[in-house]
Amino acid sequence: MIKKKENIDKAMKKYYKKIGSTLKRWNNIFCTGISCKTNAKRDIVIIIFAIGLSIIALGANWYFSKQTKFENMQKIEAAKKMIQEAVRQDALEKFEEENAGRVLAIQERFDPTTWKEYKSNWYGFKIKYPQDWKYPLVNKVRQGSRADYRVSFLSNRQDKNFIGFDVAVYDINKIKELSATDEFPKIKTEQLKDSEQCKIIEGHIIETGDYPAEEIYIPLADDCYEKTFFFSVVNGQYIYNLAPVLRAGTEFNGDPMIGVSDDLPEFFSAISQFENIEIVRPKPKPKAPAPPKITAPYPVSYKKDSIGRLICAKKNDKPSKSKKNKNKHLDMECCLDPDEYPNPHCYYPVEKYGKYLK
């Protein structure tokens, strides 16, 4: 019985030895992986590095995807702006053609060859106005105005909203640009100043046929600027603005171009007759020399004649040599003697003192 037990123990030891050898061999193979205690630090580094690479790859993919999307959006916006600008230019060209035709039709109603002419050689322009209008009125430049010169051409009709037009002249050296003139449209609110849509006003500055002037027109329905309508010419150092004049005390609520077309059609023909001429200014006359300042002492004895001149107070004065002074000296009585110098404050009648005045 005891021997049988010893045999069983030997068999079990042999079996365990064999099993242990197999497990050891498999453990060596398994320890080459991430679970082996010996390689744990290395494997952690590898794992962290792999995770970092994954994050970088994902981030790069997100960034380039975002960048591509942003660039595509920019291209789309640029394309939209190009389309809008093309549409705007097309609409502007169409409006200019229609406007030129309308202006020409109004202009042909009048014959300016029979009109009177106003000329300013000082500011270098001339213009015609209807012969039955009032004589041009040169206005005193009002306080706050930037114009150097303003002349008004007014009709005799006073039953219309627009009764004439002004020619205002501005020195470019002072105001720098058209937007600084009195007639240039004002923006409706301060908040609109920084608005992108209100920064562009070129579309409101219109070439009108063969006119010598550009038309500045802001219609009633504009979102940015107050309504206005006038013409402008830039020549040399001056800007010439030609603007319709409202009747005093009148506030016009309609569209300015329509109002002028109805009330003052002559305005368009007058603009067509505007012309710049050579500036000619007379040379200033030299100032008369100031009378010499009298430094001689005032006479101690005299009287005044009917016009205030100082003359000799002696009734029967007869020139003779002074008794008190032997040398020639200044006359102090306006009674000139042969040995005296004339006093510049005194008046000496030539018939009496002529020979002593030489």
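What percentage of the 358 residues of the protein count as buried? In this structure, which is a predicted model, the share of residues that count as buried is 32%. The surface can be described as well: the protein exposes about 25,300 Å², and 57% of this area is supplied by carbon and sulfur atoms.

Since the model is predicted, its confidence values should be read alongside its geometry. The mean pLDDT of the protein is 80, and 73% of the residues reach 70 or more. In residues 84-89, by contrast, the pLDDT is below 50. Apart from near neighbours in sequence, that stretch has 1 contact in the model.

The secondary structure of the protein consists of 6 helices and 14 strands. Contacts show how parts of the chain are brought together. Among those between residues at least 6 apart in sequence, 56% join residues that are at least 24 apart.

One part of this architecture is an open sheet of 3 strands, in the order β1-β2-β10, with antiparallel pairing. Its edge strands are β1, residues 116-120, and β10, residues 275-276; each of them pairs on one side only. Between β1 and β2, the latter formed by residues 125-129, the antiparallel pairing extends over 5 bridges. At the level of single residues, Y118 has I127 in β2 as its bridge partner.

The reader may now turn to the region that leads from β9 to α4. Strand β9 covers residues 238-246 and helix α4 covers residues 256-263, and E251 lies in the loop between them. Is E251 buried or exposed? Its relative accessible area is 67%, which is over the 50% cut-off, and therefore E251 counts as exposed. The position of E251 also illustrates how residues separated in sequence may be placed in space: E251 and N161 are 90 residues apart along the chain, while their C-alpha atoms are separated by 8.1 Å.

Beyond this loop, helix α4 is mostly covered, with 6 of its 8 residues buried. These buried residues are P256, M257, G259, V260, S261 and D263. The exposed residue E251 thus belongs to the loop that precedes a mostly covered helix. What caps the N-terminal end of α4? The capping residue is D255, which has a side-chain oxygen 3.1 Å from the backbone nitrogen of M257. M257 is itself one of the buried residues of α4.

Technical notes:
Residues are numbered from 1 along each chain as its sequence is written. Side-chain values use heavy atoms; hydrogens and water are left out. Two strands pair if DSSP finds at least two bridges between them. Helices (H or I, at least four residues) and strands (E, at least two) are DSSP runs, numbered from the N terminus. Buried means under 20% relative accessible area, exposed over 50%, partly exposed in between (1.4 Å probe, protein chains only). pLDDT is the predictor's confidence in each residue, from 0 to 100. Contact means heavy atoms within 4.5 Å. Accessible areas come from the Shrake-Rupley method with a 1.4 Å probe; for residues, only the protein chains shown count as cover. A polar contact is a pair of N or O atoms within 3.5 Å; within protein, one must be able to donate a hydrogen and the other to accept it, and residues adjacent in sequence count only if both atoms are side-chain atoms.
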